[in-house]
Amino acid sequence: MLHEFLSAHQDELVQRCKAMVALRPAPHSSERALDHGIPVLISQLVDTLRAEESTNPEAEYAAVPDRITTAARKHGGMLLREGYTLDQVVHDYGDLCQAITELAHDIRVPITVEEFHTFNRCLDSAIAEAVGEFGRLHDLRVAETSARTHNDRLVLLATELRTSVNAAMLAFNAIKTGRVAVSGQTGLVLDRSLMRLSDVIERTLAEVRLDTRRQVTRETIELPTFFEHLSVFAVLEAAAKAVGFKISAEAGIVVEADRELLSSAVAILLQNALRFTPAGGHVILRARVTSDRILVEVEDECGGLAPAVDTELRRVIASHTEDGSGVAICRHAVQLTGGTLGLKHLPHRGCIFTIDLPKIS
């Protein structure tokens, strides 16, 4: 049985992984990182395989600690702190897969289809959690240390793009090898990385428009058509996250605004709404007409804002400083095109961001 093979040959598997690491271009994963991540994953595989072979697997699963997530996150965070690159995260677990299959072949230990599926599932979860934690901690580090000078902002942009691109490429390569399924956790890493790329690009375009614009160009914009063109990405992202997305705007609603600035503002609000609304929730983009105003609203079902978050968002909306956040960029764009940005909290449900524009007289 595979779990008996793994238990008996754990030390040899770790040594094989280390030998593979030594053959890779620098930087190499440290002895400490390998000694933590690889043996723990092997132990988890043994527990999971033993549970599946039990006559009462559900009871066995309940007794097995859920350590894959914790250990994989610790491994990804350890590599980041020690200065290693994102590809080490995926390679370390890929090396384990290769070591197991090669050693099993060398000593003629058969691996059943069911065992291989269990192994791939554990590997998929480990890769996804380790990559996710590496990216999360990396983003926090960048956010904490980045300055707001022009050159530093370019470095920040390049770093954000590189992190997301690397995560997407590594996830895709892992899927391409056939070791993990596109519908699994590694597929979710690819999906989230692409969404984050879209977010970074849209935010950067908005900043560029705000920094370089010398004159606001106003034109008459028919909102239903404007919404349809703008929301192409939102439809795809909502489908990927299993979030309902709806556009509500009666024909004939028009505003006078700068098209590029309004596009940036609405796109940022949609991205935020889709990011924080869980699967099964709904996001609505709508236009409403009052006696003298046109209201463009983005409503989400994020579950409601914590008091501290609500307070911070209202501070950003009311402030005239630029802190680089999506909401601050959105507020600036809305103000330049002649409107104001508002926020309504829906307790235990979500929130509504409103772009308030004057009605054409």
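At what angle do helix 12 and helix 14 pack, and how far apart are their axes? The model is predicted. Select residues 259–276 for helix 12 and residues 326–336 for helix 14. The two pack at an angle of about 150°, and their axes are 8 Å apart. Angles over 145 degrees count as roughly antiparallel, and helix 12 and helix 14 are therefore roughly antiparallel to each other. Their crossing is left-handed.

Next, show the side chains of this contact. From helix 12, select Leu-261, Ala-265, Ile-268, Leu-269 and Asn-272. They meet Gly-326, Val-327, Ile-329, Cys-330, Ala-333, Val-334 and Leu-336 in helix 14. Sorted by class, the contact of helix 12 with helix 14 has 10 nonpolar residues, two polar ones and no charged ones.

Now turn to the sheet. It is open, with five strands in the order 2-4-5-7-6 and mixed pairing. Select 244–248 for strand 2 and 340–346 for strand 6: these stand at the edges, each with a single partner strand, so one side of each has no neighbour in the sheet. On average, and with direction ignored, neighbouring strands of this sheet are turned by 15° against each other.

Inside that order, select strand 4 (residues 282–289) and strand 5 (residues 293–299). The two run antiparallel and are joined by six bridges. For one pair to label, take Leu-285, whose bridge partner in strand 5 is Val-298.

Last, add helix 10, residues 223–230. Helix 10 packs on the sheet and touches strand 2, strand 4 and strand 5. The direction of helix 10 makes about 155° with that of strand 4.

Key:
Residues numbered from 1 in each chain as written. Predicted model: local features only at pLDDT ≥ 70, side-chain atom pairs only at ≥ 80, totals over all residues. Heavy atoms only, no water. Axes fitted to C-alpha atoms, helices over the stretch in contact; angles between N-to-C directions. Helix = DSSP H or I, 4+ residues; strand = E, 2+ residues; numbered from the N terminus. Parallel < 35°, antiparallel > 145°, perpendicular 65-115°, else oblique. Left-handed = near helix turned anticlockwise from the far one by under 90°. Contact = heavy atoms within 4.5 Å. Nonpolar A, V, L, I, M, F, W, Y, C, P; charged D, E, K, R; others polar. Pairing = 2+ DSSP bridges.
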